[in-house]
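Visitor: I should like to take a close look at the helix packing in one chain of this model. Please describe that part in detail and then place it in its wider setting.

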Amino acid sequence: MRIVTWLLVVVGLVLVGVGVAAAIGQASSGAQPWGNELSDNFTFVKALPFVLGFGVAVGLLMARTYGAKVRSDGAVRRWSPGTVFGHWVLTLGFVLALPTGMWQYLGGILDVNLPIPLYLFYRVHYIGASIVLFAVAAFVSYLSMTGDRSLLVPRGEWGRHLLGLAYELPPSLRGRYAKLLRIDLRQPRPPAGKFTFYEKVVEFPSWSIVLALITITGLIKAGRYVVPVPGFVLWLASTLHVAAMVIIVIKLLDHLRYTFPRWSLMGAITTTWMKERAPAVGHGAGERGSSAAGIAGGGDT
Amino acid sequence: MRRLVALLGLVWSLANLGVAYFFLTSAFVAKTAAKEGILAQLSLLLGGVLIAGFAVLLARECLRMLTSAAASEPA
């Protein structure tokens, strides 16, 4: 089975290479009266099916790395190697797509032009977007193959999770949050499982929604070069695409703010392993997560 | 390693503060009102405030990491 998965990945890689080369060759042949920007638009949209298909194939390979593991020193595998790979690929995509997308938007708002031609910003943005789409396709494929739902709040568990989240919030916010959601803080703090309540209630759902939003709106925007898209739909997709970009900028800041002081999380997303009682805040604030034994209870993600 | 990550985080938060500045100032210029309308102005204002707020929170964490790393070093 493993050899079949590898074969699919190799075939996917070859097809991406051939597909992208054909699209670039067609755009740069001079047969069409396209400028740099329009050529890139067509190359991007024609490459997308290959990129998405390759992502699905790599997701199958990522799923092969799924499974709970405990090291002899008691460390547990918090993320599978496949998840870690997908996370860093997604990071690379954001590093390329976010600043270039932001400049396209801000440049228009401020009405200024840099000495660098605008089409180069679009080109880098499309490369970044392709990497993001590849990672999203890989994660969808990975999650459907493994059936892993450990980052989702199980049915009937929202009350416990919202209570747990209250105890993870800073004391200055806890009271207001509890009052808003009518949470009884006299109840004991529930134990966190493999992931913190903040990760399950805030981080994962919001990342999923915003990634879905930027992916769908981006595909609609790119799709207009191959199928007619009504003006209103295009306007709505463009507006929501920018909104999703701004939300991602904010989410990224929050993600880094949350993970940096919990250094064990940084270690886990690099090495896949988590050793210490996790994920403790490195300085001050008293959040404590699950024990290593508790983490070992489920599969890695 | 922590120090390098903290420094990169600090650079990222400063860059985002720059973005927030352009969002906030653009929300109040007549050109945006004429070109984009009041909804875009409000979105820029809200986006700018949120980006600035979270950038400050990240910068604070990075500074804490830098100072705690300096404090843990032997004299």
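Guide: The following account turns to the helices of chain A, then to two loop residues and the contact with chain B.

The model is predicted. Chain A contains ten helices and two strands, and along the sequence these follow the pattern α-α-β-α-α-α-α-α-α-α-β-α. Taken along the principal axes, the C-alpha atoms of chain A fill a box of roughly 70 × 50 × 35 Å. Of the 301 residues in chain A, 34% are buried. Among contacts in chain A between residues at least 6 apart in sequence, 73% join residues at least 24 apart.

The packing of the helices may begin with helix H1 (residues 2-27) of chain A and H2(A), whose axes lie 8 Å apart at an angle of about 180°. An angle over 145 degrees counts as roughly antiparallel, and H1(A) and H2(A) are therefore roughly antiparallel to each other. The contact of H1(A) with H2(A) comprises 19 nonpolar residues, six polar residues and one charged residue.

A second pair is formed by helix H3 (residues 81-110) of chain A and helix H8 (residues 231-259) of chain A, with axes that come within 11 Å and cross at roughly 125°. H3(A) and H8(A) are therefore oblique to each other, and their crossing is left-handed. On the side of H3(A), the contact is made by Phe94(A), Leu98(A), Gly101(A), Met102(A) and Tyr105(A); H8(A) contributes Val242(A), Met245(A), Ile248(A), Val249(A) and Leu252(A). By class, nine residues of the contact of H3(A) with H8(A) are nonpolar and one is polar, while no charged residues take part.

The nonpolar interior comes next. The largest nonpolar core has 30 residues, of which Val51(A), Leu133(A), Phe134(A) and Ala138(A) touch the most other members. Helix H2 (36-63) and helix H4 (118-146) of chain A are the elements that give two or more residues to this core. Leaving aside residues up to four places away in sequence, Val51(A) touches Val16(A), Ser130(A), Leu133(A) and Phe134(A). Another core, of 25 residues, lies apart from the largest one, and its members include Ala6(B), Ala20(B), Leu44(B) and Ala59(B).

Two loop residues merit separate attention for their backbone geometry. Most residues other than glycine have a negative phi. Arg182(A), although not a glycine, has a positive phi of about 55°. Arg182(A) is found in the loop between helix H6 (171-181) and helix H7 (197-223) of chain A. Because Arg182(A) has 7 C-beta neighbours inside 10 Å, this residue counts as exposed. Thr272(A) is also not a glycine and has a positive phi, of about 80°. Its position is the loop between helix H9 (263-271) and strand E2 (273-274) of chain A. Thr272(A) has 21 C-beta neighbours inside 10 Å and therefore counts as buried.

Finally, chain A is to be seen together with chain B. The contact takes 17 residues from chain A and 23 residues from chain B. On the side of chain B that touches chain A, two or more residues come from each of helix H1 (2-26), helix H2 (30-35) and helix H3 (38-72) of chain B. H3(B) provides the largest share of that side, twelve residues. By class, the side of chain B that touches chain A has twelve nonpolar, seven polar and four charged residues.

Methods
Residues are numbered from 1 along each chain as its sequence is written. Chains are lettered from A and ligands numbered from 1 in the order in which they are written. This is a predicted model: local features need pLDDT of at least 70, side-chain atom pairs count only at pLDDT 80 or more; totals for chains, interfaces and linings use all residues. Two residues are in contact if their C-beta atoms, placed from the backbone, lie within 7 Å. Helices (H or I, at least four residues) and strands (E, at least two) are DSSP runs, numbered from the N terminus. Ala, Val, Leu, Ile, Met, Phe, Trp, Tyr, Cys and Pro count as nonpolar, Asp, Glu, Lys and Arg as charged, and the others, Gly among them, as polar. Axes are lines fitted to C-alpha atoms, for helices over the stretch in contact, and angles run from 0 to 180 degrees between N-to-C directions. Angles under 35 degrees count as roughly parallel, over 145 as roughly antiparallel, 65 to 115 as roughly perpendicular and the rest as oblique. A crossing is left-handed if the near helix is turned anticlockwise from the far one by less than a right angle, and right-handed if clockwise. A nonpolar core is a set of buried Ala, Val, Leu, Ile, Met, Phe, Trp, Tyr and Cys residues joined through C-beta atoms within 7 Å. A residue is buried if 20 or more other C-beta atoms lie within 10 Å of its own, exposed if 12 or fewer, and partly exposed in between; C-beta atoms are placed from the backbone.
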